[in-house]
Amino acid sequence: MPEILEIELYRRSIEPVVGRTIAEVHAPDPWFLKGGVVAAQLNDALVGAEVSALRRRGKLLLMDFVGDGPVLGLRFGMTGRPFLDDGGPLLELEYSSRRAHADWDRFALQFSDGGSLRINDPRRLGGVELDPDEDALGPDAFELTLARLRTVFHGAAPVKAVLLDQHRIAGLGNMLADEVLYRAGVDPARPARSLDDSSVKAIHRAIRRVLPELLERGGSHAGRLAVGLRVPGARCPKDGAELLRRTIGGRTTYSCPAHQR
DNA sequence: CTCGACTCCTGTTAGC
DNA sequence: TGCTAACAGGAGTCGA
């Protein structure tokens, strides 16, 4: 599923839209439009606008326009993929179809140079928003400092739930959160405020290492606690203990009872 | 404010 | 073979 790494790869791959001008907006699926915006408003706001930058904050992709144009927010949910200029898919996603039926195109921008940007999303968990509230998101996980991380672990919620809370840290999804805690040696179920400073430091170190490493290896599925191990009965590659499968923070969670404490 | 429970979406897959 | 039910997780809402 797209987490921060996949969104960053998406951002890089569709950066060629910078400098292009939007000629048409296709928004055939009202469900896909978020924040109460309707197709006609998107049309008014975007047609004729020239893309000036493509940014990312957490899992939110942001398209800026020249002048005082709007900001277009793109979310890919669990199964969304961008297609630029009729090129092939950038990535295959876990838990999603490898196909890309035209029926699943939920949103598209047609550019004046003839190219296009489509969002294909089988399960419709992504969405498009005009002028999204960027500050509702915490700091981007790539920019996360130790000082900032120390401030988020204050509540009674499980540490994993905190890592998944996009208001506190933006970008980590289910697989990355498991991977980070696996490497940090921290039990995902531990109440956040019970962490001592060495555990917080270990989590910070794991985040700083995991993101660049897995970005280079192609995405969040490439971790040590990876897809092949996220099955019942799998054993920890580190010490051979049978991995625990639990639901924490409402998400399927794998962890090692031997070295995650 | 915090946090867990619940809801939404639908293609894929396991199991009968 | 054909069907059903469970499953996946990002994000928003609601109530205690």
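Begin by selecting Arg-124, which lies in the loop between E7 and E8; helices (H or I, at least four residues) and strands (E, at least two) are DSSP runs, numbered from the N terminus. This is a predicted model, in which local features need pLDDT of at least 70 and side-chain atom pairs count only at pLDDT 80 or more, while totals for chains, interfaces and linings use all residues. Residues are numbered from 1 along each chain as its sequence is written, chains are lettered from A and ligands numbered from 1 in the order in which they are written, and side-chain values use heavy atoms, with hydrogens and water left out.

**The loop before E8**

Arg-124 has a phi near 60 degrees, a positive value in a residue other than glycine. Most residues other than glycine have a negative phi. With a relative accessible area of 32%, Arg-124 is partly exposed, where buried means under 20% relative accessible area, exposed over 50%, and partly exposed in between (1.4 Å probe, protein chains only). Select Arg-123 next, which is found in the loop between strand E7 (116–120) and E8 and is partly exposed at 44%.

**DNA strand C**

Now show DNA strand C and the 14 residues around it, of which Arg-123, Leu-125, Asn-174, Arg-245 and Arg-251 come nearest; a residue is near a strand if one of its heavy atoms lies within 4 Å of it. The residues of this surface divide into 4 nonpolar, 5 polar and 5 charged, with Ala, Val, Leu, Ile, Met, Phe, Trp, Tyr, Cys and Pro counted as nonpolar, Asp, Glu, Lys and Arg as charged, and the others, Gly among them, as polar. Where on the side chain of Arg-123 should you look? An N or O atom there is 2.7 Å from a base nitrogen of DNA strand C. On Arg-251, a polar side-chain atom lies 2.3 Å from a base nitrogen of DNA strand C, whereas on Asn-174 a polar side-chain atom lies 2.9 Å from a phosphate oxygen of that strand.

**Strand E8 and its partner**

Move on to strand E8 (residues 127–130), whose two faces are both covered, with Gly-127 and Glu-129 buried on one side and Val-128 and Leu-130 buried on the other. Strand E4 (residues 72–75) runs antiparallel to E8 and is joined to it by 4 bridges, and two strands pair if DSSP finds at least two bridges between them. Within E4, Leu-72 stands opposite Leu-130 in E8. Asp-131, in the loop between E8 and H3, has a positive phi near 45 degrees and is partly exposed, with a relative accessible area of 47%.

**Gln-166**

Select Gln-166 in the loop between H4 and H5, which counts as buried at 18% relative accessibility. Its side chain reaches the backbone oxygen of Leu-164 at 3.0 Å, and the side chain of Gln-166 also reaches the backbone oxygen of Leu-172 at 3.0 Å.

**Helix H6**

Finish at helix H6 (residues 197–216), whose end C-alpha atoms are 29 Å apart, in agreement with the 28 Å that its 20 residues should span at 1.5 Å a residue; the expected span is 1.5 Å times one less than the number of residues. Buried residues in H6 include Val-200, Ile-203, Ile-207, Val-210 and Leu-214, and what covers the buried residues of H6 includes helix H1 (4–13), helix H3 (146–152), helix H4 (159–164) and helix H5 (174–184). Just after H6, Gly-218 takes a positive phi of about 105 degrees.

Technical notes: Polar contact = N/O pair within 3.5 Å; in protein donor to acceptor, adjacent residues only side chain to side chain. Contact = heavy atoms within 4.5 Å.
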